[in-house]
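The following paragraphs lead the reader through one protein structure, beginning with its backbone and ending with its metal site. Please keep the sequence and the three-dimensional view at hand.

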Amino acid sequence: MTQYVYRFGGGVSDGGKGDRNLLGGKGSNLAEMASIGLPVPPGFTISTAMCARYYDEGERFPDSLREEVAAGLAHIEQVTGKRFGDAADPLLVSVRSGARVSMPGMMDTVLNLGLNDETVQGLARASGDPRFAWDSYRRFIQMYADVVLDLDHGSFEEALEVAKEDRGFTLDTELSAADLQELVAEYKQLVEAQWNRPFPQGVHDQLWGAVGAVFGSWQSDRAKVYRRLNDIPADWGTAVNIQAMVFGNMGETSATGVAFTRDPAKGDRAYYGEFLINAQGEDVVAGIRTPQYLTRRAREDAGARAASMEEAMPKVYGELAAVFDTLERHYRDMQDIEFTVERGALWMLQTRSGKRTAKAALKIAVDMANEGLITQSEAVLRVDASALDQLLHPTLDPDAPRDVLTRGLPASPGAASGFAVFDADTAEKRSAAGDAVILVRTETSPEDIHGMHAARGILTARGGMTSHAAVVARGMGRPCVSGAGAISIDLKTRVMRVGDREVAEGDLLTVDGTSGEVMVGAVATVEPELSGDFGALMLWADAARRMKVRCNAETPADCRTARGFGAEGIGLCRTEHMFFEAARITAVRQMILASDEAGRRAALAKLLPEQRADFAEIFEVMAGLPCTIRLLDPPLHEFLPTEEADFADVAAAAGVGVDLLKRRAAELHEFNPMLGHRGCRLGVTYPEIYEMQARAIFEAALDVAEKSGDAPIPEVMIPLVATARELDLMKAVVDRVAEAVFAERGRRLDYLVGTMIELPRAALRAGDIARGAEFFSFGTNDLTQTTLGVSRDDAARFLGDYVGQGIYARDPFVSLDVEGVGELVEIAAERGRATRPDLKLGICGEHGGDPASIDFCEGVKLDYVSASPYRVPIARLAAAQAALRR
Ligand code: PEP
Ligand code: MG
């Protein structure tokens with residue numbers, strides 16, 4: 001018989017070292033903490049396998065589970081010495097979800113389960129604290145009504161507010177035992193009125209209701225959205241953890257808190273967290289009371305008065321610090337912990353690898369490697385390559401004028417500007433329309449995640465550093481300021497107020513998640529400076545990777561940036577970008593408008609010195625490195641005007657009549673320019689264009705070689721080749737020009753001629769093409785477009801539906817369609833190498849900067865990937881990770 005229940009605590013750990021897939025993250029870590037002797041309240045986990053079975057069998061539990069759960073309860077009773085439903089001294093339990101990966105706030109939890117009209121009296125007597133007992137009961141009813149019975153939770157909150165107002169109180173804690181007893185009676189009436197049945201008094205009924213609700217929450221809308229955003233398969237399911245309650249709200253020697261073993265924002269090696277005396281866990285996360293700091297140092301740094309845990313409870317704090325160290329040594333990673341102190345006794349309720357900012361991930365990985373906790377290779381694997389983006393992104397320009405509206409907590413670093421929007425749907429809508437938005441909420445909840453995802457930055461009026469907004473924003477890498485208490489949002493008039501200032505929805509706002517400042521307007525930003533840790537990790541990554549990383553760049557400035565980020569050459573220099581420059585475009589147009597070859601050559605002669613100077617500058621920046629220069633690729637009509645108003649000016653500048661210009665533009669018009677007269681097809685028709693470009697390349701290379709002695713290695717690349725013959729013809733042009741230039745200069749130079757592979761025919765015929773090509777560079781932008789038959793310029797309009805419905809897992813123009821386009825790449829690599837074993841292979845489509853695609857490239861053993869300058873570090877790290885994974 002399959003085992004579904006796994007016990008832990010009290011010296012028992014059925015789950016042993018923890019199997020996340022079976023027990024979920026929370027359950028496996030509880031089992032693991034129990035197995036290494038940490039104080040964990042006893043309990044048991046119903047495995048994720050039960051979740052699948054529950055859904056398979058029409059949301060019913062098999063009878064065998066009842067027996068197993070009874071045994072689990074008996075275990076808790078035996079360890080605690082209390083009995084479930086005992087009228088004199090009842091055992092209370094928590095019921096919590098726990099999937100394989102943490103899905104913060106996505107699924108349900110019920111606390112204080114086991115209370116009813118009878119046991120509440122027993123709890124009052126046994127604890128000697130009737131107020132605590134009645135408060136626990138009213139919390140339980142409220143949670144149960146919300147989570148299990150799905151009743152309107154607003155009505156319960158309202159009843160609580162009215163109870164306080166009637167008595168002239170502002171804080172929950174002012175309510176007496178008698179007040180709470182009255183509130184419980186009201187709550188029970190609310191349940192009966194809305195549910196048409198009395199609140200369940202049978203403790204086993206309560207338990208099974210809660211277990212069903214937790215399994216049910218796996219299919220809630222918000223859980224589904226979260227899974228979609230985070231690529232979590234629906235069939236993983238959740239586990240259910242049932243555990244003896246421990247109480248942080250049993251007076252001044254009790255407390256509850258959340259902590260990280262290191263700073264999750266900056267990565268510093270300092271305990272980091274918040275706690276509340278005489279409170280339950282939900283109070284910390286809900287942000288109702290302001291939590292106190294864990295350490296004295298943090299309290300002093302913040303200039304706060306309320307005692308830190310280190311000061312208020314030194315003995316338990318010492319125990320907690322020892323637990324932190326044990327956990328870090330055991331898990332070899334930064335941990336995110338929940339704990340409770342019940343009358344001076346410390347209990348661990350949860351541990352998991354802590355979510356962290358990219359900055360913290362980097363620092364923690366490097367520190368841990370230096371501390372000897374992990375190896376350098378492990379450190380390289382620990383940092384999410386895509387998340388490096390966060391470090392490479394601009395921060396606020398310190399000198400830019402700023403109009404600070406208010407301040408909140410620096411919940412997630414980085415700065416962002418955008419139009420203020422006040423709800424998640426608006427954020428999603430405006431962002432889809434292309435606007436940068438800042439999502440402003442009183443507080444966020446899991447229902448807001450699609451809006452948080454769509455927003456550039458997030459601002460909340462309530463909630464601490466561990467609030468939903470803060471945790472989720474850090475995970476997503478969105479700058480976030482939380483708990484900016486001076487803000488009030490009027491959702492009717494769509495205005496947010498701070499004192500007497502107003503910001504309407506749609507006004508520009510800037511948030512700085514590093515400082516906590518909120519500014520009116522869009523504030524200028526500056527490029528980031530990279531830390532020593534960044535350099536260290538990159539060195540380790542470089543030592544681990546096999547593939548080279550080049551850049552896609554065509555200006556000296558971009559080349560310099562890319563080289564600064566560690567680019568080892570240029571993988572793609574798109575020469576057409578140089579043609580568009582104001583000083584050249586006229587000569588380019590004269591070339592296009594010329595009626596014969598002589599006219600074209602005359603115009604090209606004007607372009608030659610310009611193009612040569614461009615290449616010389618680039619070769620200087622990239623001294624000694626390979627530089628792939630692609631000959632002209634786009635259809636010529638792109639260089640002609642389209643607006644009526646421009647025709648006269650352009651015609652005058654080019655020295656032709658407007659009529660001729662219009663006629664030529666009409667002649668060049670194509671229905672499908674992407675499949676039209678572009679790429680090497682231009683070179684086939686007008687070889688003089690490629691001749692001029694080749695001459696510019698070789699003359700510039702020789703100039704630089706003569707000047708600096710450091711000869712560049714030009715790699716001349718022919719675009720959009722479909723057949724071997726096309727390449728052969730174009731290669732002949734390039735070789736002929738090279739020989740001519742070398743003869744004129746009396747000096748030779750090493751160079752390569754190769755082709756892009758960006759058409760399916762080229763991939764299939766790679767064996768022939770490789771006879772003439774010394775390298776292939778996969779142009780996966782066009783290869784994706786031509787393989788999928790999806791226009792890269794128009795796809796955005798419908799690709800969302802495709803990704804939404806799982807037709808493609810991700811946008812195939814962002815992350816390579818490994819199955820389809822990937823197969824063509826594999827075929828081309830294999831056939832190309834069969835012809836020419838030393839064929840150099842690279843990728844220069846946008847996918848060259850995407851970690852998942854880079855992993856694929858390692859799999860087919862490409863020699864290099866090429867990425868845009870800011871993605872070069874991401875590519876270096878991703879290439880290293882890809883190599884280490886194999
Ligand atoms: C490609 O097609 O992948 C490529 C790099 O060329 P471009 O994007 O310039 O068409
Ligand atoms: Mg292309």
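In which loop is Glu-59 found? In this predicted model, Glu-59 belongs to the loop between α2 (48-56) and α3 (63-80). Its backbone deserves attention: Glu-59 has a positive phi of about 60°, although it is not a glycine. Most residues other than glycine have a negative phi. With a relative accessible area of 48%, Glu-59 is partly exposed. A second case is Asn-278, a residue other than glycine whose phi is positive, near 55°. Asn-278 sits in the loop between β10 (272-277) and α10 (281-286), and its relative accessible area of 27% makes it partly exposed.

The overall architecture comes next. The protein chain contains 36 helices and 34 strands, and its C-alpha trace spans about 105 × 65 × 50 Å along the principal axes. The chain has 886 residues, of which 55% count as buried. Of the contacts between residues at least 6 apart in sequence, 68% join residues at least 24 apart.

Arg-612 offers a local view of such contacts. This residue lies in helix α24 (residues 597-621) and is partly exposed, at a relative accessible area of 24%. Arg-612 and Arg-695 are 83 residues apart along the chain, yet their C-alpha atoms are separated by 8.0 Å. When neighbours within four places in sequence are left aside, the residues in contact with Arg-612 are Ala-696, Glu-699, Ala-700 and Asp-703.

A helix pair may be examined in the same manner. Helix α23 (residues 582-593) packs with helix α25 (residues 644-654) at an angle of about 85°, and their axes are 9 Å apart. The two helices are therefore roughly perpendicular, because angles of 65 to 115 degrees are placed in that class. On the α23 side, the contact is made by Thr-586, Arg-589, Gln-590 and Leu-593, and on the α25 side by Val-650, Ala-653 and Ala-654. Sorted by class, the residues in this contact are four nonpolar, two polar and one charged.

The cysteines can be considered next. How many disulfides does a search of the whole structure find? The search finds zero. Cys-551 illustrates the result: it is in no disulfide, and the nearest cysteine sulfur, that of Cys-559, is 5.3 Å away. Seen from the other side, the closest cysteine sulfur to that of Cys-559 is in Cys-551, and the separation of 5.3 Å is too far for a bond, because a disulfide requires sulfur atoms within 2.5 Å. Cys-551 is buried, with a relative accessible area of 0%, and Cys-559 also counts as buried, at 0% relative accessibility.

The metal site completes the tour. Which protein donors serve the magnesium ion (ligand 2)? They are Glu-758 (OE) and Asp-782 (OD), lying 2.0 to 2.2 Å from the ion. This pair links distant parts of the chain, 24 residues apart: Glu-758 is in the loop between β31 (752-757) and α30 (760-764), whereas Asp-782 is in helix α32 (residues 780-788). Are these donors buried or exposed? Glu-758 counts as buried because its relative accessibility is 2%, and Asp-782 is buried with a relative accessible area of 3%.

Definitions and conventions: Residues are numbered from 1 along each chain as its sequence is written. Chains are lettered from A and ligands numbered from 1 in the order in which they are written. This is a predicted model: local features need pLDDT of at least 70, side-chain atom pairs count only at pLDDT 80 or more; totals for chains, interfaces and linings use all residues. Side-chain values use heavy atoms; hydrogens and water are left out. Axes are lines fitted to C-alpha atoms, for helices over the stretch in contact, and angles run from 0 to 180 degrees between N-to-C directions. Helices (H or I, at least four residues) and strands (E, at least two) are DSSP runs, numbered from the N terminus. Angles under 35 degrees count as roughly parallel, over 145 as roughly antiparallel, 65 to 115 as roughly perpendicular and the rest as oblique. Contact means heavy atoms within 4.5 Å. Ala, Val, Leu, Ile, Met, Phe, Trp, Tyr, Cys and Pro count as nonpolar, Asp, Glu, Lys and Arg as charged, and the others, Gly among them, as polar. Donors are N, O and S atoms within 2.8 Å of the metal (3.2 Å for Na, K and Ca); water is not among the atoms, so sites may look incomplete. Buried means under 20% relative accessible area, exposed over 50%, partly exposed in between (1.4 Å probe, protein chains only).
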